[in-house]
Amino acid sequence: MCIRDSNQGVSLAAYSYAANMESVIFCPPYVEDKIIKELLLRNAIPVVLTEYGDAALRIVEQLVNNHSYYVSTRNFPRPFANPYGLEGYKTISFEICEQLNVVPDKVFVPTGGGDSIYGVWKGFREMFQAGIVQKKPKMFACQSKLGGDSLVKSYKSKSLRAAIVNTGDSKAISIRVKQSGDHGLWAISESNGGAYSISEKEIDNALTVIGNHGLCVDPSCAVSMAGILKSKKENLLKKYHMIHDWSKVWPETRRYLIFLHERFHEDRILLHSGHLSFVTLLSMVPLVTVVFSAFSIFPVFELSLIHI
């Protein structure tokens, strides 16, 4: 059972169907028809709520405490949240390090409830504690301004608790939430990161940028790209100093120079360049002859021609 539509609800329904288990998915009033159809195809029981807030939480609490339902939802609010989702998000940090072969300076995460940003942070933090990596990145929560920017409000006000905010009809459906979890703030604070509130126009712009690279993503995913673009824009408006770390640049330069030397040898560049130089010099002989012959047409050069 979970109180989500979209990705998490459909995923839970699919896994429950594969395991021959019953699943109940509580959906918000604005759930899309295609989501309901996907849930029904997997024999899930979709429950569309008229109110998506405290009333829904009370229903879930009763089912968990009195009817032995197991909840699969984000790690907040307590006391019936599922902590194992965080362990799944940790694998994102593992993949980042594996693919980049380095820990990035900053990580931008589309954030709703807070499990995603905290789970990724937890992965980096534990790798650092284990001595696997030598540094930790700064974590940046990217939230829809219209869909709910709870962490952004709390971060700017330096509050220790996630704020309760109004939500609207944002296209970033998967991260629409009235209140994020406090653990999202922990990730921002512990990593010395930040939070960005993203407008609908900025989401559209990010989708265009991503689309120009041949990728098609959910609007909620594009919120993180919008955060990156916003960060770049802000940095251009501030005075900054760029420091080049040659300990990182030189190895790449050295590999390129070695590759260049090997290609020079394989392509016999010295031999071919010598041939081209010789041919060029030979071609100049008839050119000079033609030029002097042209000069002989003019009377002023007749005396010079006799001397030659």
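In the predicted model, D169 forms a salt bridge with R176, and the closest N and O atoms of the two residues are 3.2 Å apart. The two partners sit on opposite sides of the burial classification, because D169, at 64% relative accessibility, counts as exposed, whereas R176, with a relative accessible area of 6%, is buried. The total number of salt bridges comes to twelve, and some of these share partners, with the result that E87, K90, K122 and E126 are joined into one network.

Within this network, two of the salt bridges can be described in detail. The side chains of E87 and K90 meet at 2.8 Å, N to O, and the two residues are three apart in helix 4, which spans residues 84-100, so that about one helical turn separates them. The side chains of E126 and K90 likewise meet in a salt bridge, for which the N to O distance is 2.8 Å. Since E126 lies in helix 5 and K90 in helix 4, this pair ties together parts of the chain that are 36 residues apart in sequence. K90 is thus a partner of E87 and also of E126.

The accessibilities of the network residues fall into two classes. K90 counts as buried, because its relative accessibility of 11% is under the limit of 20%, and K122, at 14%, counts as buried as well. The two acidic members are partly exposed, E87 with a relative accessibility of 34% and E126 with one of 27%. K122 has its place in helix 5, residues 115-129, and, when residues up to four places away in sequence are not counted, K122 touches E87 and K90, both of which belong to helix 4.

At the level of the whole chain, the model contains twelve helices and five strands. Of the 308 residues, 36% are buried, and the accessible surface comes to about 19,800 Å², with 60% of this area belonging to carbon and sulfur atoms. Among the contacts between residues at least 6 apart in sequence, 60% join residues that are at least 24 apart.

The strand arrangement is illustrated by strands 1 and 2. Strand 1 (residues 24-27) and strand 2 (residues 45-48) pair in the parallel sense over four bridges, and, together with helix 2 (residues 33-41), these strands make a right-handed β-α-β unit. In strand 2, I45 is the bridge partner of V24, while V48 stands opposite C27. In a regular strand the side chains alternate between the two faces of the sheet. In strand 1, V24 and F26 point one way and I25 and C27 the other way, and all of these residues are buried.

A further region concerns the surface contributed by nonpolar side chains. L257, L260, F264 and I269 make a nonpolar surface patch of about 320 Å², and the largest share of this patch, three residues, comes from helix 10, which covers residues 246-266. L257 is one of the patch residues and lies in helix 10. With a relative accessible area of 44%, L257 is partly exposed, and this value satisfies the requirement that patch residues have over 30% relative accessible area.

Another partly exposed nonpolar residue is V217, for which the relative accessible area is 30%. V217 lies in the loop between helix 8 (200-211) and helix 9 (219-236). Although V217 and L207 are ten residues apart in sequence, the C-alpha to C-alpha distance between them is 7.5 Å. With neighbours within four places in sequence left aside, V217 is in contact with L207, I210 and A222. Of these contact partners, L207 and I210 fall within the residue range of helix 8, and A222 falls within that of helix 9.

Conventions. Residues numbered from 1 in each chain as written. Predicted model: local features only at pLDDT ≥ 70, side-chain atom pairs only at ≥ 80, totals over all residues. Heavy atoms only, no water. Patch = residues over 30% accessible without salt bridge, like charges linked within 9 Å, V, L, I, M, F, W, Y side chains within 5 Å. Areas by Shrake-Rupley, 256 points an atom, 1.4 Å probe, with all protein chains shown as cover. Salt bridge = Lys/Arg side-chain N within 4 Å of Asp/Glu carboxyl O. Buried < 20%, exposed > 50% of the residue type's maximum accessible area, 1.4 Å probe, protein only. Pairing = 2+ DSSP bridges. Right-handed = clockwise from strand over helix to strand, strands pointing away. Contact = heavy atoms within 4.5 Å.
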